[in-house]
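Hi everyone, thanks for coming. Please have a look at the model on the screen, and I'll walk you through it piece by piece.

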Amino acid sequence: MAVDYAKYLRMDKMPLYWCPGCGDGIVLKCYLEAIDELGWSKDDCAMVSGIGCAARVTGYVDFHTLHTIHGRAIAVAVGIKMAHPDKHVFVFGGDGDLVHIGGNHLLHACRRNIDITVVLINNWIYGMTGGQHSCTTPPGAKASTAPRGSYEPTIDVCKMAIGAGAGYVARGFAGDPVRLKKLIKEGLEYKGFALIDVFSPCPINFGRRNKLGDPAKLLEHMKSFLVSSAKAKRMSEEELKGKFITGVLHKDESKPELTEAYKGLVEKAQASDEYWAKYAKGTLTDADKYKITREELKKLYPYDVETPLKEWKKL
Amino acid sequence: MGRIAFLNANAAVAEAALVAGLGFYAGYPITPSSEVPERLSKIMPEKGLPFMMMEDEIASINACVGASASGVKAMTCTSGPGFSLKQEALGMACIFEVPLVVVDVMRGGPSTGLPTRPSQQDIMQARWGTHGDHPIIALAPCNAQEAIFETIRAFNLAEKFRQPVVLLTDGALSHLHTKVYIPDPEEVEIIDRAQPDVDPDNYYPYDYNYEIPPLAKWWTEDGKSYRYHLSSLIHDKTGFPTVDPKYTQWLLKRLHNKILNHVDEITKNEYYKMDDAEVCIIAYGSTAEAARVAIDQAREEGIKVGLFRPLTIWPSPEKQISDIASKVKHIIVAEMNLGQYKLEVERIVAGRVPVYGVGQAAGVLIRPSQIYEKIKDPSKSVEICLTEEELKRFGGGE
Amino acid sequence: MAEKRMPVEINYDLCKGCGLCVHICPKNVLEMVEDLHVWMGTTAKVVRPEDCIRCKMCEDICPDFAITVADIGVELTFEDSKGNLITRSK
């Protein structure tokens, strides 16, 4: 049962624009496979992305797509999700886009546990702008802005997300697509904030500067950083230093989802007999309203300027 | 059949937004605009609408752009510093061409400036705050009742022209409680974005043969789903990035002509005692109230002076100002900044008559007496300011 | 009657010659080949189709949707590396 990817892709925009060996295409394929298995209709899916290599995904998928400004994709997605709670909203982005400049929005989206699925393509570098180092560039690795190796410590995005309260946090690897698809699928199904941190090779802008220009070699190099969660349990703290654990790292079924919590708030507000509550329920009576005369309104608004009132264009 | 209430302009903007069909609000607290989200946080859940307090101003305007692109009317409200943070996303809204209302309750600047004091120092920022050539519409009400009418007009202009609209009130106006009439949604003319008549498969978000292409809602009431791509890069009709030079020039000109071809429809002005005026005062927002009193006083002494008040700051009413310049002896521009709109007036007047200014950015309202003195002697500087002796006593002494 | 096509097919318009599929194939079915007519100048090529066990790892790892692998159980007839016609369903 091969997946018919053409159903989800804007085929007229193919071929994909990413470099040979880049992991973005693999992540996109696992993603579409997960959606296909869930049987979601592309009419209900909206995808937002910021600026960067990974952010070009929205151009290829045939959903409701927004290609927004750098770092703010999650904030835009929160707006869409709150306005349409019953629709699926996804965010695609790179480590620079979502963690470095957009970290604040990621942090608070985790805290709110809003039902958005964020696929974070972590290629350790700012790829599109030419390979500058980012907050995930491994110490010692060369980048266009770290010619003698990056000296900055990195961030474990998953630990940060768990600390901030995200409901579902997982880490996958572009070199292991089958397991990555399962992680993404579970993330999509989870009712709440799902973050999937995917290690993805960037042979052109990262690999070539670190003698890992061959995509296969870079894939193996990345694999050396990764430890499966089962194996990690048996390893000591010392051995785990500098390693990143893959698999489902955190899943909290009990945490309330933001749009559900907001529905509760709306019910409480609509139970009151305030003006707009009655207006929404259509129970407004003439007693609630005030019939103003033209002269009285003229006193309130004595200027020789048009009003939006249908009845009195000019007072 | 509406409601009478005793509100300040902030609360009035909040109520008027709901009358105009607001569907989503995202904001961030900032003095002096916090009454807008405070009131909205109470009345929006009543109407079953999503209300968000985001983590920063950048997130709040981006959430609004997301909600607006997906099909609901969105608004965000802030003051000076927040308005600076929102500029990049305001530019995105301009290139997305999505309707959006951004309320800027102007306070003393620059930087943190005078958080509790009024000013009108964001006029040029409203026009050129975000980078690149972009069209903008900015309105300036002068009191709470007009803030209601202008908020409704802001939403209508935004929906009609697929364009972010900036509503410029100020710190004093927004805290002045007055009696206002809040109309009912049925009572006022409300414009929704034009929907395309083509079906989803051959719909283009930036169709070439429209000056204002219809912006399809993602999920229409009758169950259709318009899937398309909006990009913050220069894009072709399908919304995909393009770098074609000819097309880029054409697109930017279309964005500007979308506004400049309809200036008469967008601008809205008030002439107060201008029929036989020899001196014209140009003022907007709450400064216009003081100008009105000064004009009445001067008229009693037989000075032929009148007020021209643009309610639409950008695009500026060039025809009207130019027409006034051909009739009056000189123009006085009164505003709570060091002369920002004065530059625009001078550009339009182009030296035909002298343009004087009452440019007081002291964080206090301009008094009618100041404008009255300016009318009497235009070359006199009437702004309150520290004099040389005071400076010495204030701390400049040996 | 068995269908006449290869168990694994490569779309030369999409393949960018990155070499991931060659690296990951457990049965060494694919190889990188210089080819001036192809987009990137080098492309992956199916050289030993008879060894293909249809595990789909190449299809999964390919970043450009350029490889499609037939499902297990589909009867296929194709030429193997030595040129003679064989029929396989796995």
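Let me begin with a question: how far apart are the mean positions of the positive and negative charges of chain A? They are 5 Å apart, taken over 44 positive and 38 negative charges. Before we go on, please keep in mind that this is a predicted model.

Let's stay with chain A for a while. Its secondary structure comes to 13 helices and 10 strands. Now, what about the overall form? A compact globule of 315 residues would have a radius of gyration near 20 Å, whereas chain A has 25 Å. If you draw a box around the C-alpha atoms of chain A along the principal axes, the box is roughly 80 × 45 × 45 Å.

The domains come next. Chain A is divided into domain 1, residues 5-253, and domain 2, residues 261-314. Over C-alpha atoms, the centres of these two domains of chain A are 47 Å apart.

How much of chain A is buried? Buried residues make up 60% of its 315 residues. The accessible surface of chain A is about 12,500 Å², and 55% of that surface belongs to carbon and sulfur atoms. As for contacts in chain A with a separation of 6 or more, 64% of them come from residues 24 or more positions apart.

Now zoom in on one helix. Helix α3 of chain A covers residues 73-83, and 11 of its 11 residues are buried. Among them are A:Ala73, A:Ile74, A:Val76 and A:Met82. Look for A:Lys81 too, since this lysine is on the list of buried residues of α3(A).

Here is a single residue to find: A:Asn113. It lies in the loop between α5 (103-112) and β4 (116-122) of chain A. Is A:Asn113 buried or exposed? Buried means under 20% relative accessible area, and A:Asn113 has 0% relative accessibility, so it counts as buried. Leaving out residues up to four places away in sequence, A:Asn113 touches several others, including A:Gly165, A:Tyr190, A:Phe193, A:Lys255 and A:Leu258.

Let's move to chain B. Its domain assignment gives domain 1 (3-187) and domain 2 (271-376). The centres of these two domains of chain B are 26 Å apart, taken over C-alpha atoms. The two domains also meet: 25 residues of domain 1 of chain B are in contact with 23 residues of domain 2 of chain B.

How do the chains go together? There are 2 pairs of chains in contact, and chains A and B share the most contacts. Chain B and chain C do not touch, and their nearest C-alpha atoms are 20 Å apart.

Last comes chain C. It has 2 helices and 6 strands, and from the N terminus on its elements run β-α-β-β-α-β-β-β. Chain C has a radius of gyration of 13 Å, close to the 12 Å that the globule rule gives for 90 residues, so it is as compact as a globular protein of that length. Along its principal axes, the C-alpha trace of chain C spans about 35 × 25 × 20 Å.

Buried residues make up 48% of the 90 residues in chain C, and its accessible surface comes to about 4,700 Å². We can also come back to my opening topic: in chain C, the mean positions of the 11 positive and 15 negative charges are 5 Å apart.

That's my tour, and thank you for listening!

Notes
Residues are numbered from 1 along each chain as its sequence is written. Chains are lettered from A and ligands numbered from 1 in the order in which they are written. This is a predicted model: local features need pLDDT of at least 70, side-chain atom pairs count only at pLDDT 80 or more; totals for chains, interfaces and linings use all residues. Side-chain values use heavy atoms; hydrogens and water are left out. Helices (H or I, at least four residues) and strands (E, at least two) are DSSP runs, numbered from the N terminus. The radius of gyration is taken over C-alpha atoms; the globule rule is 2.2 Å times the number of residues to the power 0.38. Buried means under 20% relative accessible area, exposed over 50%, partly exposed in between (1.4 Å probe, protein chains only). Contact means heavy atoms within 4.5 Å. Accessible areas come from the Shrake-Rupley method with a 1.4 Å probe; for residues, only the protein chains shown count as cover. Lys and Arg count as positive and Asp and Glu as negative; His and the chain ends are not counted. The place of a charge is taken as NZ of Lys, CZ of Arg, CG of Asp or CD of Glu. Domain bounds come from an automatic or database domain assignment.
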